[in-house]
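User: I am new to this structure and would like a close look at a single part of it. Please pick one part, go through it step by step, and then set it against its surroundings.

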Amino acid sequence: MSSCSGGDEKAGMDRRGLLQSAGAFAATILAPGVTLYAFGGGEAEAFQARPPEEPASSRQRWGLLIDLNKCSTGCNACVTACKDYNGWQDTGRADIDPQWIRKVTLKDPQTGVERSAPVMCQHCASPPCVDVCPTGASMKRADGIVLVNKHVCIGCRYCMMACPYKARSFIHEDESDQKVNNPSGKGTVEGCTLCVDRIDAGQRPACVEACAKEGGALIFGDLKDPQSEISQALRKLPSKKLRADLGVDPGVQYANLT
Amino acid sequence: MAQIKFQQLTSASPTFWMLVLAHVVIVAAGLSAALYMETNGHHVTGMTNQIVWGTPHVFAVFLIVSASGALNVASVSSVFSRLAYKPFARLSGILAISLLAGGLAVLVLDLGRPDRLLVAMTTYNFRSIFAWNIYLYTGFMAIVLAYLFSMMDRRVSKMTAVNKTLGWTAFSWRLILTTGTGSIFGFLVARDAVYGGVMAPLFIASSLVYGLAFTVLVLLMMSIETHETLCTREMISKFRGLLIIFSLTVLFLTAILHVSKIYAAPTRAVEAFILRDGGVYPLLFWGGQVFLGNILPLLMLGYMPRAHSKRNTLGLASILFLVGGLAQMYVVILGTQAFPLNIFPGYEVSSTFGDGAFNPYSPSLPEILLGLSGISIAMLIATAAFRLLPFLPHGVPVDAHGVAQEPEEEVAEAGAAA
Amino acid sequence: MRFLSKLLVAVLLLVGAAITLPGGSAGSVLGGSTAWAADEGAGRTPVPHPAHGKGDHCVMPTEFMRRNHMLMMYAHRQDVLVEGIRTTKFNISGCVNCHAVKGEDGQPVSFDDPKHFCRTCHTYAAVQIDCFECHNSKPQASDKSAAKSDDLGADGADAAKMAAFLRETKK
C-alpha cells in the first residue's frame, strides 16, 4: 500500500484501504463499546462497508484468526450466537441437526491437557467443495467467502464428502420461520457464511461479536490488508491452518495450536 | 462363418410373468420410498450429517459400475474380434444401458431436490468430476445405442468399419466412464480410506466382474425362458476363464489399495478400522467382499465339476460375485464415512458434531427399497427390450430332461474359428 | 426393415415427448397472463384477485411486474448471492413485507394459506414456485432489507436498467 504510483483507480484503492484500516483500528479500540449494541437492533458499523451497489471484490479476502489461548473449554458463546443469528434449527435429533460451527475439544494424548477450538467453514482459497459441486451451487465469492447457492443446489451431498473439515450440513427436514438473512430449506446443503450479510453491512460475524464479550479469541478481518487487525495479529502470533498439508489454503487460522 | 440368428423373447410362462410382476412390485415400492423420502426429508433414512451417502448410493454406484462392465462381451467381440462372443454382443449392449438407467434412477431419486434434475442437467461446474460423469453417462447411453444400431441394422451391420469404430468408441468410453466413477471417490483428498489413483483401475476391474456376472445370469435366465441353451458349453468355459481373471485382478488391486495405506503411517488408523476394528465393515470386507464375493466363487470356478452342472456352478458363482460387489461398495462408500475425519492430527478430539467418533449407520427400509428398485428397473428395461427387438441369440434346444442337445464337434469348430 | 421402423417410432416418440414437455409448461406460463385477461372479460373463470400491497405502487409498474417479476427476482438473486451486490429494492423480503395478507387471526398468513399474495396467482396459473421452501413467506419485524416506502417509486434510472436487462435476457 505504500507505493502510490499509477492512475486514479489505484489511488482510489489506496483510499479505500486507508478507510478500512481506519475502520478496523476504530473497531479495535471501540470493540467493547460496539458489542454493547450487538443484537440490540441498530448495530454500529465495525468497518467501512462497500456501497450496496458495488459487488464483492477480490481486493479483499475475509478471514478469521482463532487464538486458542483465549478460547476456554466451557464456553459455547460463538456457537450460540451463530445459531441465534442464522437460525439453524434444532431438529431434536443430534445426528441430523445442522451445525455451522462447533466447539471441538482437543486432548493431547501425552499430557492429557484439554483445549477447545471452534470449527466452522474454513473458507478455503481452493475449496474442495467448490471443485466437486456438479451444478456450481457451492461457490466462492470474489472476497473469498465460500457459500452455497441454494437456488441451484440439488442436494447431492458431494460437497459434504469432499470437505476436509465437515463444515457442511444437509437439511433433513422441512423448515419454517427461517431468518430473513438465512433462507434455508429441506434438501439442500448449507454451512457457515461468515455472516456474509453482516460483512456486507460493515459488521463483524455474529460469532466474533459474541466472542469479543467472552475471551476475545476470534479476530475477523481482511487478510489482504496488511494494516487490518487480523493481519497485524497474524504477524505476532504463531498460527496454523487446519490440515495445511492438503494445500486448500483456509481463510481461518488457529493461533497457539501446538 | 454362418449367419448368426437372433430372436425376440416370446415366452409367456407363468414364471416369466411372476418375475416381471415381482420386479414391478419392487419398482413401485422403490418409487414410493423415494417419494416418502422426498416429502419427509432425509431424516426418515439412516443417513445423517456424518453419513451423507447411504444404501441408495451403494446400489447406484454398484449398478453404474456393472453397466460399464456389461458392455464387456460386446467389446470382446468387436474390439478384440472374438467371433464366439458375437451372438451375445447385442444382449451385452442393451444390458449395459439398462443397468446404467437403473443406477442413475436411484442416484437421482436420492437427491435432496430431485425436482431440480433440470438444474443438474443445465447448470454445470466443469471442475466437478460429478459434472463430467453426467456427460460420461449420457454419452455412454448414446454411444451404446448407436453401437447397437450398427450391430442390428441389416445394412449398417455389414459395414465393418462403422461397427469397428463404434465398438472402439464404446470401449474407450466405458473405460473413461468407470475411471470417472472410481475417481468420484479417488479424488476425495480428505477421505483417507479412498483417496488415491488406484480407485479408478479397481473400479474398472470390479466393473468387469459385475458386468459379466450380470450378463451370465441374464443369459441363464433367458435360457430357461426360451427353452434353449443360450450359454453353450464353449461359452461357459470362456466366461469362467474371464471371471477368474477379472476376480483375481480385483483381489490384486484391493490388496494394493490396502497394503499401500497400511504402509503409510497417516492412513494406518483408517485401515485398522476397515480391516479389523470397524465391526460391520471388516465383516463385510473379509466375509462379504473377499470370501463370499471372490475366494468362494474362484474356488467354485477353479474346481468346476464336470457335465451340465457346470452351468449351475457358473450361475451360483455369478450371484456370489454380485453379492461380493454390493459388499465391496458398502465398505467403500460407508466405511469411508464411518471413520472420523482427521482435522486435528495428534489430538484426541470430541464434539457435538461427531468429531473423533466412529459414525454409526443403519440402513432404513426406504433406502433399501429404493436401492433394490434400481436393479429391478434395469431388469424391466432389459426384459422389455428383449421382447421388442431381437437381442437374444438363438441357442441349442433343450430336451425333455433339460439337457442341451449340443454336438461336441460344433463346439470345437466354433472354438477354432474364434 | 422392421427393426428400422420400430426404431424410428421410438425416436419419434422420444423427440415428441422432449418437445411437448418443456414446451407445454413454458406455454402455460406464457399463456397465463393472456388467458387471464380474456377470462376476466368473459367472466367465466374465477379470476384471482391478489391483495394490494402497501403504498401507492410497486417497485416497478404493475404491468411490468406481472410479466417480468420472475426475471427480476432471478437477476436479483444472482446479484445478491453471487456478486454480493446488496441493493434492497428488489429483495424478496420486500415483496413479502409489502404484500402481506392478514389471516383471520389478524396475523400475516404464510405461503401454506391459499390467501397468500404469491399463491393466489400461482395456484391459478398452476406454476409451482419453491421460493418459500427456504425463504420466509411472512414479514419479519427484524428485517432491515425491506424496501422503504420512500424509495418505492420506479424512477427513470431503474426502469432504464430493467429494460436493458430484459433486452439482454431475451437475446
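Analyst: Two strands count as paired if DSSP finds at least two bridges between them. That rule is needed for the sheet in chain A and for the place where chain A meets chain B. The model is a predicted one, and its scores are ipTM 0.89 and pTM 0.85.

Start with the sheet. In chain A, 4 strands make an open sheet, and their order across it is β8-β1-β10-β9. The pairing in this sheet is mixed. Two of the strands, β8 (218-222) and β9 (239-240) of chain A, are the edges, since each of them pairs on one side only. Inside the sheet, strand β1 (residues 62-67) of chain A and strand β10 (residues 252-255) of chain A run parallel and are joined by 4 bridges. At one point along β1(A) and β10(A), A:Ile66 stands opposite A:Tyr254, a residue of β10(A). A helix belongs to this picture as well: α7 (residues 229-236) of chain A lies across β1, β8, β9 and β10 of chain A. Against β8(A), helix α7(A) runs at about 120 degrees.

The sheet is one piece of a chain with 7 helices and 10 strands. Chain A has 258 residues, of which 53% count as buried. Taking the contacts in chain A between residues at least 6 apart in sequence, 63% join residues at least 24 apart.

Now to the part chosen for the close look, which is the contact between chains A and B. Chain A puts 47 residues into this contact and chain B puts in 38 residues. On the side of chain A that touches chain B, the elements giving two or more residues are β2 (102-107), α3 (128-132), α4 (158-162) and β6 (168-170) of chain A. The most comes from β2(A), with 6 residues. Sorted by class, this side of chain A has 24 nonpolar, 10 polar and 13 charged residues.

Strand β2(A) also pairs across the contact. Its partner is strand β3 (residues 348-350) of chain B, and the two run antiparallel over 3 bridges. One residue pair can be followed by name: A:Thr105 has B:Ser350 in β3(B) as its bridge partner.

B:Ser350 can be described further. Is B:Ser350 buried, exposed or partly exposed? B:Ser350 counts as partly exposed because it has 17 C-beta neighbours inside 10 Å, while a buried residue needs 20 or more and an exposed one has 12 or fewer. Apart from neighbours within four places in sequence, B:Ser350 is in contact with A:Thr105, B:Asp355 and B:Gly356. B:Ser350 is also 17 Å from B:Ile51, C-alpha to C-alpha, although 299 residues separate B:Ser350 and B:Ile51 in sequence.

Next come some backbone details in the two chains. Most residues other than glycine have a negative phi. A:Asp177 is not a glycine, yet its phi is positive, near 50 degrees. A:Asp177 sits in the loop between β6 and β7 (189-191) of chain A, and β6(A) is one of the elements listed above for the contact with chain B. A:Asp177 counts as exposed, because its C-beta neighbours inside 10 Å number 11. In chain B, B:Ser81 likewise is not a glycine and has a positive phi, of about 50 degrees. The loop between α3 (72-78) and α4 (89-109) of chain B holds B:Ser81. With 12 other C-beta atoms within 10 Å, B:Ser81 is exposed.

Chain B also holds helix α8 (residues 199-226), with 28 residues. From first C-alpha to last, α8(B) reaches 39 Å, close to the 40 Å expected at 1.5 Å a residue. Most of α8(B) is covered, as 23 of its 28 residues are buried. After α8(B) comes B:His227, whose phi is positive, near 55 degrees.

Finally, chain C calls for some care. Its pLDDT averages 73, and 56% of its residues score at least 70. Confidence in chain C is lowest in helix α1 (residues 2-42), at a mean of 50, and highest in helix α2 (residues 62-83), at 92. Over residues 20-40 of chain C the pLDDT stays under 50, and the model has 10 contacts beyond four places in sequence for them. Residues 145-154 of chain C also stay under 50, with 23 such contacts. Where pLDDT is low, the predicted coordinates should not be read in detail.

Definitions and conventions:
Residues are numbered from 1 along each chain as its sequence is written. Chains are lettered from A and ligands numbered from 1 in the order in which they are written. This is a predicted model: local features need pLDDT of at least 70, side-chain atom pairs count only at pLDDT 80 or more; totals for chains, interfaces and linings use all residues. Two residues are in contact if their C-beta atoms, placed from the backbone, lie within 7 Å. Ala, Val, Leu, Ile, Met, Phe, Trp, Tyr, Cys and Pro count as nonpolar, Asp, Glu, Lys and Arg as charged, and the others, Gly among them, as polar. Axes are lines fitted to C-alpha atoms, for helices over the stretch in contact, and angles run from 0 to 180 degrees between N-to-C directions. pLDDT is the predictor's confidence in each residue, from 0 to 100. The expected span of a helix is 1.5 Å times one less than its number of residues.
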